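Welcome, and thanks for opening the viewer. Let's walk through this structure together, one selection at a time.

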Amino acid sequence: MARSKGITLPVYRKIAVTIAQDIVGGKYVEGQKLSGRTVLSSQYGVSPETIRKAVHLLEDVEILDIKKNSGVWILSSQKAAEFIQESRELQSAADVKGELLSWMERQIAETSAAMEKLLFVLNTAGRAAKNTPFVPYEIAVPANSQVAGKSISGLNFWHKTGATIIAIERGEQIILSPGPYSSLLSGDILYIVGDERTLLSAIHFVTSANDG
């Protein structure tokens, strides 16, 4: 199964983490003055506005000190290390949230598909009940069935079984009222109407192995 993309943290926070990593890694030291926003934006490949947000975030967690008319100064490498760890935990939580959202989307899609099939069967049964006392039966076509790969007319399906195929379920596809030239494939589910004798005859006919 493909891994979910998860939820991405804001770019300015990623830049803040990178600056914190540079502090912890020794690129910057406590008491050092950082370059201006224009230089930093070029250095980290983002806009000056992103740098501004990142710097203010680092000021909020006491890693940097922004002094008016003086610039930005490094306060604490220990706080930088703590901030990096916190950001890793946030990203992990975001990844888990993304996984859960993807799982919920898959569950909703699968439930929707199942409901469509159920409604189809119920509607077909309801329509059949109005016209005939029989409800549709399901017969799966085995891999070695004698009917696999042959058309309904070529099999003389109705003449040999007395059953009428009202629909074919093939994977995600529903073929309603299949014509005489429709082929039956292994794995198909046939919806048929008829009495109990007809059903038994159809089951025997469909599930009999291909001698050839």
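**Stop one: the largest pocket**

Begin with the largest pocket, whose volume is about 180 Å³. Keep in mind as you look around that this is a predicted model.

To see the walls of the largest pocket, select Leu 34, Ser 35, Gly 36, Arg 37, Leu 40, Arg 52, Val 55, His 56, Ile 66, Lys 67, Gly 71 and Val 72. Now colour the elements that give two or more residues to this lining: helix H2 (37-44), helix H3 (48-60), strand E1 (64-67) and strand E2 (71-74). Which element provides the largest share of the lining? That is H3, with three residues. If you colour the lining by residue type, you will find five nonpolar, four polar and three charged residues.

**Stop two: where H2 meets H3**

Stay with the two helices from the pocket lining and hide the rest for a moment. H2 and H3 pack with their axes 8 Å apart, at an angle of about 100 degrees. Angles of 65 to 115 degrees count as roughly perpendicular, so that is how H2 and H3 lie to each other.

Next, show the side chains where they touch. On the H2 side, pick Arg 37, Leu 40, Ser 41 and Tyr 44; on the H3 side, the residues they meet are Pro 48, Ile 51 and Arg 52. This contact is made of four nonpolar residues, one polar and two charged. Some of these names may look familiar: Arg 37, Leu 40 and Arg 52 also belong to the lining of the largest pocket.

**Stop three: the open sheet**

Now move along the chain to a sheet. How many strands form this open sheet, and in what order? There are four, arranged E3-E8-E5-E6, with antiparallel pairing. At the edges you will find strand E3 (137-140) and strand E6 (173-176), each of which pairs on one side only. Ignoring direction, neighbouring strands of the sheet are turned against each other by 25 degrees on average.

Zoom in on strand E5 (residues 164-170) and strand E8 (residues 189-193), an antiparallel couple joined by five bridges. For one pair to click on, choose Ile 168 and its bridge partner in E8, Leu 190.

**Last stop: a helix on the sheet**

Finally, select helix H7 (residues 196-207), which packs on the sheet and touches E3 and E8. Compare directions here: that of H7 makes about 15 degrees with that of E3.

Technical notes: Residues numbered from 1 in each chain as written. Predicted model: local features only at pLDDT ≥ 70, side-chain atom pairs only at ≥ 80, totals over all residues. Heavy atoms only, no water. 1 Å grid on protein atoms, 1.4 Å probe; cavity = no way out; pocket = protein on both sides within 12 Å on 5 of 7 lines; lining within 4 Å. Points joined across faces, edges and corners; volume = space filled by probe spheres on them. Nonpolar A, V, L, I, M, F, W, Y, C, P; charged D, E, K, R; others polar. Axes fitted to C-alpha atoms, helices over the stretch in contact; angles between N-to-C directions. Parallel < 35°, antiparallel > 145°, perpendicular 65-115°, else oblique. Contact = heavy atoms within 4.5 Å. Pairing = 2+ DSSP bridges.
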